[in-house]
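Please open the structure in your viewer and keep the sequence beside it. The tour below moves from one selection to the next and says what is found at each stop.

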Amino acid sequence: MKIHTKEDFYKGLIHGIPIALGYIPVSFTFGLMAVKGGIPALAAILISMTNLTSAGQFAGMNLIIEGASLVEIALTTLIVNLRYMLMSISLSQKLSNKIPAFKKYILAFGITDEVFAVSAVQPGEVTSSYMSGLVTLPYIGWTIGTIMGALASSLLPQMLQNSMGIALYCMFIAIVVPAAKKSIAALVVALIAIFISSLFTWAPLISSLSAGWVIIIATVAASSIGAIAFPREDDECD
């Protein structure tokens, strides 16, 4: 028997609670670092309310603070967030065919790595009510965390503000290490990206290249090498 619409929505809300709680400290760091870097508090909050992209926001924030060009910022965020397009395409196959296209477009805005992971393991078709409930609290949590971080930038001691910067690196380590432990391909791609990034940082002739282009080159090169060196077999894609 099909679950009632309200029950679906409440189920999604419950499943979104741990995601929202996990987003608050990360977005708090984003808000804090953005304002500390010179981005107005209102602008930082608006970025979180219109993006919800985690790594993409941090990358874009750093480029904005460094005064990168609009082309660099656009290309970098496009490449970093490209995975969301693939997630949306994959998840669209699981959504009910009765959901209108415009609702799917709206729901796609709330898809993050965690939202995708939770919705992808749900049995059977996923309704729009469930997805609406699932993305609601993570969105609110991400926004609230950013607001708290932006406001705290003027209240926290400078030493504590400086220490919060390590949270960004901890987040990336938490993303990369588990995947690298399970997959040699992920490990190799991560090491290649680190090597290329380090090369552009310390090599005398190319160290002057801006951070935005370094991210673009390292991401595209490492991903391309990984795709060539570790092609997925047909049975792996099933």
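A residue is called buried here when its relative accessible area is under 20%, exposed when the value is over 50%, and partly exposed in between. By that cut-off Thr 53, with a relative accessible area of 9%, is buried because 9% is under 20%. Please bear in mind throughout that the model is a predicted one.

**The whole chain**

Before selecting anything, colour the chain by secondary structure: the protein chain has 13 helices and 0 strands, and buried residues make up 35% of its 238 residues. Among contacts between residues at least 6 apart in sequence, 78% join residues at least 24 apart. If you display the surface, the chain exposes about 13,800 Å², of which carbon and sulfur atoms supply 72%.

**The loop between helix 2 and helix 3**

Now select Thr 53, which sits in the loop that runs between helix 2 (41–50) and helix 3 (55–66). The side chain of Thr 53 reaches the backbone nitrogen of Gln 57 at 3.3 Å, and, when residues up to four places away in sequence are not counted, Thr 53 touches Asn 81, Arg 83 and Tyr 84.

Add Leu 52 to the selection, since this residue also lies in the loop between helix 2 and helix 3. Leu 52 is not a glycine, and yet its phi is positive, at about 55°; with a relative accessibility of 3%, Leu 52 counts as buried.

**The salt bridge**

From Thr 53, follow the contact to Arg 83 and show the side chain of Asp 113 as well. A search of the whole structure finds 1 salt bridge, and this is where the side chains of Asp 113 and Arg 83 meet, at 2.9 Å from N to O. The pair links distant parts of the chain, with Asp 113 in helix 7 (residues 113–120) and Arg 83 in helix 5, 30 residues apart. Side chains of opposite charge can pair when their charged atoms come close. Are the two partners, Asp 113 and Arg 83, buried, exposed or partly exposed? Asp 113 counts as partly exposed at 27% relative accessibility, and Arg 83 is partly exposed too, with a relative accessible area of 26%.

**The largest nonpolar core**

Next, select Ile 19, Leu 95, Val 115, Val 126, Tyr 130, Met 131 and Leu 134, which touch the most other members among the 17 residues of the largest nonpolar core. Helix 1 (5–36), helix 5 (82–92) and helix 8 (128–152) each supply at least two residues of this core, and the largest share, 5 residues, comes from helix 8. In soluble globular proteins, nonpolar side chains tend to be buried together.

Which residues does Val 115 contact once its neighbours within four places in sequence are left aside? They are Ile 19, Gly 110, Met 131, Leu 134, Val 135 and Pro 138. A second, separate core of 7 residues can be picked out through members that include Phe 30, Ile 39, Ala 44 and Met 61.

Pro 138 leads on to Ile 17: the C-alpha atoms of these two residues are separated by 7.2 Å, although they are 121 residues apart along the chain. Ile 17 lies in helix 1 and, at 40% relative accessibility, counts as partly exposed.

**The nonpolar surface patch**

Turn to the surface and select Val 71, Leu 75, Leu 78, Leu 82, Met 85, Leu 86, Ile 89, Leu 209, Trp 213 and Ile 217, which form a nonpolar patch with about 850 Å² of accessible area together. Helix 4 (70–80), helix 5 and helix 12 (211–229) are the elements that give two or more residues to this patch, and helix 5 gives the most, with 4 residues. One member on which to centre the view is Trp 213, which lies in helix 12 and is partly exposed, with a relative accessible area of 31%.

**A last stop in helix 10**

Finally, select Val 177, whose place is in helix 10 (residues 166–182), and note that at 40% relative accessibility Val 177 counts as partly exposed. With Leu 187 added, a distance drawn between the C-alpha atoms of Val 177 and Leu 187 shows 8.1 Å for a pair that is 10 residues apart along the chain.

Terms used: Residues are numbered from 1 along each chain as its sequence is written. This is a predicted model: local features need pLDDT of at least 70, side-chain atom pairs count only at pLDDT 80 or more; totals for chains, interfaces and linings use all residues. Side-chain values use heavy atoms; hydrogens and water are left out. A nonpolar core is a set of buried Ala, Val, Leu, Ile, Met, Phe, Trp, Tyr and Cys residues joined through side-chain atoms within 4.5 Å. Buried means under 20% relative accessible area, exposed over 50%, partly exposed in between (1.4 Å probe, protein chains only). Contact means heavy atoms within 4.5 Å. Patches are made of residues with over 30% relative accessible area and no salt bridge: like charges are joined within 9 Å, nonpolar side chains (Val, Leu, Ile, Met, Phe, Trp, Tyr) within 5 Å. Accessible areas come from the Shrake-Rupley method with a 1.4 Å probe; for residues, only the protein chains shown count as cover. A salt bridge is a side-chain nitrogen of Lys or Arg within 4 Å of a carboxyl oxygen of Asp or Glu. A polar contact is a pair of N or O atoms within 3.5 Å; within protein, one must be able to donate a hydrogen and the other to accept it, and residues adjacent in sequence count only if both atoms are side-chain atoms.
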